[in-house]
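Reader: Please take the largest pocket and go through it closely, together with the contacts around it. I would like plain values and the cut-offs behind them.

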Amino acid sequence: ERDDVKAIGEAYGVDVVPEINRCDLNTAIDFASAGFNSAWGEFPAEGVIVRPMTTMYNRHGARIIGKIKTEDFAL
């Protein structure tokens, strides 16, 4: 769970990827395609990680999660 990840990151002094927004997939695609700066500086972010609000698994037991890369929208 996210709270567990944040607690472990704090315990070890490791930055945790920020939660930007909770939205539907189409809004996340629009956000990534427009491009945005990284949370760690004035440079383009690689993209956004997306996952369902309710944890879901595929038929092999792997958690369903994805990444929308901003480079996929570059001309």
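Author: What follows starts with the chain as a whole, goes on to the pocket and ends with contacts between parts of the chain.

This is a predicted model: local features need pLDDT of at least 70 and side-chain atom pairs pLDDT 80 or more, while totals for chains, interfaces and linings use all residues. Residues are numbered from 1 along each chain as its sequence is written, and side-chain values use heavy atoms, without hydrogens or water.

The protein chain has two helices and two strands (DSSP runs numbered from the N terminus: H or I of at least four residues for a helix, E of at least two for a strand). Along the sequence, these elements come in the pattern α-α-β-β. Taken along the principal axes, the box that the C-alpha atoms fill is roughly 35 × 35 × 20 Å. Of the 75 residues in the protein chain, 15% are buried (under 20% relative accessible area; exposed is over 50%, partly exposed in between, with a 1.4 Å probe and protein chains only).

Now the pocket. Rolling a probe the size of a water molecule over the atoms shows where empty space is left. A pocket here is an open set of points on a 1 Å grid over the protein atoms alone, where a 1.4 Å probe fits, with protein on both sides within 12 Å along at least five of seven lines; lining residues have an atom within 4 Å of a point. The largest pocket has a volume (the space filled by probe spheres set on the points) of about 1100 Å³.

How many residues line the largest pocket, and which lie nearest its centre? The lining has 33 residues, and those nearest the centre are Pro 18, Glu 19, Ile 49, Val 50 and Arg 51. Three elements each give at least two residues to this lining: helix H1 (2-12), helix H2 (25-34) and strand S1 (47-50). Sorted by class, the lining holds 18 nonpolar residues (Ala, Val, Leu, Ile, Met, Phe, Trp, Tyr, Cys, Pro), nine charged ones (Asp, Glu, Lys, Arg) and six polar ones (the others, Gly among them).

Glu 19, one of the residues nearest the pocket centre, also has a charged partner. Its side chain meets that of Arg 22 in a salt bridge (a side-chain nitrogen of Lys or Arg within 4 Å of a carboxyl oxygen of Asp or Glu), at 3.4 Å from N to O. Glu 19 is partly exposed at 45% relative accessibility, whereas Arg 22 is exposed at 54%.

The count of salt bridges comes to two. In the other pair, the side chains of Lys 67 and Glu 46 meet at 2.7 Å, N to O. Lys 67 belongs to strand S2 (residues 66-69) and Glu 46 to the loop between H2 and S1, so this pair ties together parts that are 21 residues apart in sequence. Lys 67 is partly exposed, with 38% relative accessibility. The C-alpha atoms of Lys 67 and Val 48 are 5.6 Å apart, with their positions 19 residues apart along the chain.

Strand S1, which supplies part of the pocket lining, also contains Gly 47. Gly 47 is buried, at 18% relative accessibility. Its C-alpha atom is 13 Å from that of Leu 25, and the two residues are 22 apart along the chain.

Helix H2, another contributor to the lining, includes Ala 34. Ala 34 is exposed at 64% relative accessibility. Between Ala 34 and Glu 71 the C-alpha separation is 10 Å, for residues 37 apart in sequence.
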